[in-house]
Amino acid sequence: MSENAAVNVRAFADLGLSDLEQVGGKNSSLGEMVSHLSSLGVRVPDGFATTAEAFRRFIGDTGLAERISEQLRGLDTDDTRALAETGRAIREEVATQPFPEDLEADVRAAYEHLVDGREDVSFAVRSSATAEDLPDASFAGQQETFLNIKGIDGVLQAIREVFASLYNDRAIAYRVHHDFDHDAVALSAGVQQMVRSDIGASGVMFTMDTESGFDDAVFITSSYGLGEAVVQGAVNPDEFYVYKPALREGRPAVLKRGVGSKAIKMVYTEDPEVGKTTEFVDTDEAERRLLSLTDAEVEQLAKHALTIEEHYGRPMDIEWGKDGLDGELYVLQARPETVMSRAGVRQRFRMGEKGEVVVEGRAIGQKIGAGKVRVMTSIEQMHEFNEGEVLIADMTDPDWEPIMKRASAIVTNRGGRTCHAAIIARELGIPAVVGTGDATDSLTDGRAVTVSCAEGDTGFVYDGELDFTVEEQEMSAMPEIGTRIMMNVGTPEQAFTFAQLPNEGVGLARLEFIINRQIGIHPKALLDLDNLEEPLKSQIQESVAAYPGPREFFVRRVAEGVSMIAAAFAPHPVIVRMSDFKSNEYANLVGGDLYEPDEENPMIGYRGASRYLSPEFVDCFAMEAEALKYVRDEMGLTNVKIMIPFVRTTKEAEGVISLLAEHGLVRGENDLQVIMMCEVPSNAILAKEFLEHFDGFSIGSNDMTQLTLGLDRDSSLVAGSFDERDPAVLFMLERAITACREAGKYVGICGQGPSDYPDLAEWLLKQGIESMSLNPDTVVDTWLSLGKVSTQ
């Protein structure tokens, strides 16, 4: 190298975070990991970086700097045409500018040292701005990345293109909107050996949940091929959550496995044309149905994420790749997570009356937006976009950032939660629905729509501009009220978000909700899969393809749903009610009509404890028990308690406790508590006798009311008589509460009565109820209302 090598080029191994001003956030972070984390098992591909000083000399000594400043002076970045024309002219000048001789010589020398005589290597050439990836700014993806670059001439040209990308339209606009001086941002080019993820897998991971801010989980996305497909949003990837405490203890830690469509993948071009080194190809149909990572690989990636987060001392956004040749997992980039770290006041968006759902996909954020549709198929249409419109696109190329900030909402055909559209939508605080599949076909320009991301994991695009409300809640200091406020949670994908509300655990996690949403297939159809007829057999086989078998599919999916909720609320208790489908509800599951009886009144028929004990269902109950045992004993989530619904007699109580024990769920072992749903009048009448078999009651006020008053709560003809405050119902509740208090056992209520009727809540407080479990949307209001009662 020449005498200026220390100024022009630095090897990753010689870099650290203190070199940020010289090589930018991305390259200094790569150097930091190579220097400090390699010994801890974090593999980072080697490389080198050009310095910011080299960039300044590249544009300064040639007169480029003055010409660029003149063109940017007074530029209105909201004028998309002017922005595009100016950016294009600047980039062309930079990309054709020869290097100073000493800079080119130093790059050539660094390249030869890195290659070390090998011929079968290729490189990624990436940008690293000196203001990029700082704690309060996210420049991620604004400059170009060039993949599968071979030979020194290719590397040199890619470096020029990287320098030119500092003047991409989106980068220019970002600096203006965030008050960064153009001249203050210099660029470093990182040259890094490629990982052969083109024949492996790759993706992005965050050391926190990006939607809720829950920080005890690692969120990982993965798809086949090069990671740019995931980052760009060209593919709907697999998704995984990993529980940090279990990972640290060496326990099984995968909370969720989500199979993405993975329809395409980015691979190396076999016969590269000029300027084209990668291409998209279709993923094999059989591969699409499988998970792109094993549990062991997911947990290894999560361990790397923990190591990186602990070293940096903050939540991190990490890109990774699996080499298809050596099978190893590599970290390609790491930057601070910048969106949730800037989250401010909690807002709650709520839909009013809902309309027709036009399309649906993955919700990004938790807001609602409305406006007229603008379908965009090309960057050339940017000038047509108007403030407040809903942007509809196949996938949002990062160049579109100038118009994305003007949208009321964003909807894409493709992409997952870590795609570019999702990242920018979070950055801008705009609701987005990604991965809809057909938004550009289903929606047309000028159509009024409402985009809702406020209803859980699924985002909905409704026809028309519908009413919605926005509430701000201050939840830092909730009053003492003499009882515990818990939540009813049945949707695992919302657990992390719900856990951010004030709470003291989950008083009711409905297993049937988890089975319905996570599985959707009758358990007996899974156990009897080999004997089923077509086309039902093939339909189920396709659903379970990512798992070792149909039984494992059921057990793992139930375990995933339960563990998501248990992890979100740990260390608070999570009371999981075993499945309480009625026969007509079970019949609605795939294959269910083959196994369910046709009952006149399913509400008081084949359900609860009697179903568990029946010979026809015992194998199905065994799978539920196995899932719960795995969550508690293997994953270590012992905050899970088990609840048995609809126990009619003490004989059933004794039988179901024995059945649980047969499956390894023994009361008192590993702190296991078994609660009974107190919802049949016999439960209150013989409360002391039932409590001999259980660790407490959770009062189900809905069933208790209908059975005490002898009415069908699903019948509109008698709905007017349904009231939990009826004296006969209160008599049953008081009897159950008193029995639990005298026995020193838990007693709570998990109906909506306390939310709907403040006087009932006050009455329950006076009776000494230990907890009230409410739907999440009523928790804060009910808690504050009870606080007023407690101070009177």
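A residue is called buried when its relative accessible area is under 20%, exposed when that area is over 50%, and partly exposed in between, using a 1.4 Å probe and protein chains only. The legends below apply these words throughout.

The model is predicted, so local features need a pLDDT of at least 70 and side-chain atom pairs count only at pLDDT 80 or more, whereas totals for chains, interfaces and linings use all residues. Residues are numbered from 1 along each chain as its sequence is written, and side-chain values use heavy atoms, with hydrogens and water left out.

**Figure 1. The whole protein, with its 31 helices and 30 strands.** Helices (H or I, at least four residues) and strands (E, at least two) are DSSP runs, numbered from the N terminus. The C-alpha atoms fill a box of roughly 95 × 50 × 50 Å along the principal axes. The radius of gyration is 29 Å, which agrees with the value near 28 Å for a compact globule of 792 residues; the quantity is taken over C-alpha atoms, and the globule rule is 2.2 Å times the number of residues to the power 0.38. Of the 792 residues, 58% count as buried. A contact means heavy atoms within 4.5 Å, and among contacts with a separation of 6 or more, 69% join residues 24 or more positions apart. The accessible surface comes to about 30,600 Å², with 45% belonging to carbon and sulfur atoms; such areas come from the Shrake-Rupley method with a 1.4 Å probe.

**Figure 2. N148, a buried residue in strand β4.** The strand spans residues 145-149. N148 counts as buried because its relative accessible area is 4%. Its phi is near 55 degrees, a positive value in a residue other than glycine. Most residues other than glycine have a negative phi.

**Figure 3. D116, an exposed residue in a loop.** The loop runs between α6 (101-115) and β3 (123-129). D116 counts as exposed because its relative accessibility is 62%. Phi of D116 is near 55 degrees, again a positive value in a residue other than glycine.

**Figure 4. Two cis peptide bonds, each leading into a proline.** Most peptide bonds are trans. The bond joining E534 and P535 is cis, with omega about 0 degrees, and P535 is found in the loop between α18 (523-527) and α19 (536-543). The bond from A570 to P571 is also cis, with omega near 5 degrees. P571 lies in the loop between α20 (550-569) and β25 (574-577).

**Figure 5. E652, a buried residue without a salt bridge.** E652 belongs to helix α24, residues 650-662. A salt bridge is a side-chain nitrogen of Lys or Arg within 4 Å of a carboxyl oxygen of Asp or Glu. The nearest side chain of opposite charge to E652 is that of R648, 4.4 Å away; Lys and Arg count as positive and Asp and Glu as negative, while His and the chain ends are not counted. The backbone nitrogen of R648, however, lies 2.8 Å from a polar atom of the E652 side chain. Leaving aside residues up to four places away in sequence, E652 touches A609, S610, L613, F646 and V647.

**Figure 6. L247, a buried residue in helix α10.** The helix covers residues 244-248, and the relative accessible area of L247 is 7%. Beyond residues up to four places away in sequence, L247 touches V242, A253, E299, A302, K303 and L306. From C-alpha to C-alpha, L247 and S716 are 50 Å apart in space, and they are 469 residues apart in sequence.

Terms used. A polar contact is a pair of N or O atoms within 3.5 Å; within protein, one must be able to donate a hydrogen and the other to accept it, and residues adjacent in sequence count only if both atoms are side-chain atoms.
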